Amino acid sequence: MTERATARFARRPSLLAALALAVAVLLTPGRCAHRPVNPPLSHSQGGEQRFEGLERSRGEHDDLVILAFSGGGTRAAAFSYGVLEALRDIEVSTPGGRKTRLLDEVDVITGVSGGSFTALGYGLYGDRLFDLFETGFLKRDVQGTLVRRMLNPLNWPALLSSGWGRSELAAQLYDEVLFHDATFADLERAGGPSAQPN
């Protein structure tokens with residue numbers, strides 16, 4: 001046998017062992033953690049009760065200002081972020097004669113899909129969002145990172161399990177780059193506008 005043939009033969013067992021290990025990992029049942037599912041609500045609040053008293057938590061007490069951000073992926077997140085920037089920069093006079101930012105008069109922010117990232121981000125972080133959202137989320141290649149994670153063999157066992165999928169992989173990434181293990185309780189403690197993700 002030549003040296004080249006010996007080297008090829010020597011590499012094959014390690015390649016075969018690595019392939020066998022990868023197949024074993026992929027076929028091992030129950031090794032992936034499952035994201036908890038929120039329990040169903042026993043009852044829901046009526047729309048009027050849900051917003052009762054919110055106008056007393058921020059700004060003037062005789063108005064109720066609600067922002068509704070639409071979906072549309074990163075474009076929706078960027079658009080709604082631009083809306084918050086504009087409201088931050090617009091100064092108005094209240095009926096009492098006090099000068100305030102229009103953003104400080106917002107009582108409720110709701111959003112779907114891409115708009116919900118901005119709504120929740122502002123609900124959690126308030127004005128700190130203006131320091132971290134653009135570079136930390138909007139200009140980040142979130143889609144590319146998700147694709148790379150889906151193609152990573154270390155994530156395949158989780159992706160092939162019944163309790164984990166692409167949505168959980170995305171939620172994990174969003175938590176890492178924007179929400180940092182925040183809960184709805186953190187959202188309530190933040191004291192900003194009530195954020196109502198849909």
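These notebook entries record what I looked up in a predicted model of one protein chain.

**Entry 1, the chain as a whole.** I began with the secondary structure and found nine helices and five strands in the protein chain, in the order α-α-β-α-β-β-β-α-α-α-α-α-α-β from the N terminus on. Of the 198 residues, 31% count as buried, and the chain exposes about 13100 Å², of which carbon and sulfur atoms supply 57%. I also looked up how far apart in sequence the contacting residues are: among contacts between residues at least 6 apart, 70% join residues at least 24 apart.

**Entry 2, helix α3.** I turned next to α3, which covers residues 73–89, and noted that its 17 residues reach 25 Å from the first C-alpha to the last, close to the 24 Å expected at 1.5 Å a residue. Its buried residues are A76, A77, S80, Y81, L84 and L87. Seen down the helix axis these buried residues fall within an arc of 135°, so they line one face of α3. On the other side of the helix I found R75, F79 and D89 exposed. When I asked what covers the buried residues of α3, the list included β1 (65–69), β3 (99–101), β4, α4 and α5.

**Entry 3, the aromatic rings.** Which residues do the ring pairs link into a cluster? I wrote down Y81, F117, Y122, F130, F133, F137, Y174 and F179. The structure holds eight aromatic pairs, and I followed two that involve Y81. The pair of Y81 and F130 is tilted, with 5.9 Å centre to centre and 45° between the planes. Because Y81 lies in helix α3 and F130 in helix α5, this pair ties together parts that are 49 residues apart in sequence. The pair of Y81 and F133 is also tilted, at 5.3 Å centre to centre and 40° between the planes, and it links Y81 in α3 with F133 in α5 across 52 residues.

I then checked the accessibility of these three residues, for which the cut-off for buried is under 20% relative accessible area. Y81 has 3% and is therefore buried, F130 counts as buried at 13%, and F133 is buried with a relative accessible area of 0%. One further item concerns F130: the charged end of R88 sits over its ring, 4.3 Å from the centre.

**Entry 4, around the start of α4.** S113 lies in the loop between β4 (106–111) and α4, and I noted that its phi is near 50°, a positive value in a residue other than glycine. At 46% relative accessibility S113 counts as partly exposed. S116, by contrast, is found within helix α4, residues 114–125, and counts as buried at 13%. I also looked up the separation of the C-alpha atoms of S116 and A76, which are 40 residues apart along the chain, and it came to 8.8 Å.

**Entry 5, helix α8 and what follows.** My last entry is on α8, residues 166–179, whose 14 residues reach 18 Å from the first C-alpha to the last, close to the 20 Å expected. In this helix I listed L169, A170, L173, V177, L178 and F179 as buried, with cover that includes α4, α5 (129–138), α6 (142–151) and α7 (156–160). Just after α8 comes H180, placed in the loop between α8 and α9 (184–189). The phi of H180 is near 50°, again a positive value in a residue other than glycine.

Key
Residues numbered from 1 in each chain as written. Predicted model: local features only at pLDDT ≥ 70, side-chain atom pairs only at ≥ 80, totals over all residues. Heavy atoms only, no water. Buried < 20%, exposed > 50% of the residue type's maximum accessible area, 1.4 Å probe, protein only. Expected span 1.5 Å × (residues − 1). Contact = heavy atoms within 4.5 Å. Areas by Shrake-Rupley, 256 points an atom, 1.4 Å probe, with all protein chains shown as cover. Arc of directions from axis to C-beta. Phe/Tyr/Trp six-rings, centres within 6.5 Å; stacked < 30°, edge-to-face > 60°. Lys NZ or Arg CZ within 6 Å of the ring centre and 35° of its normal.
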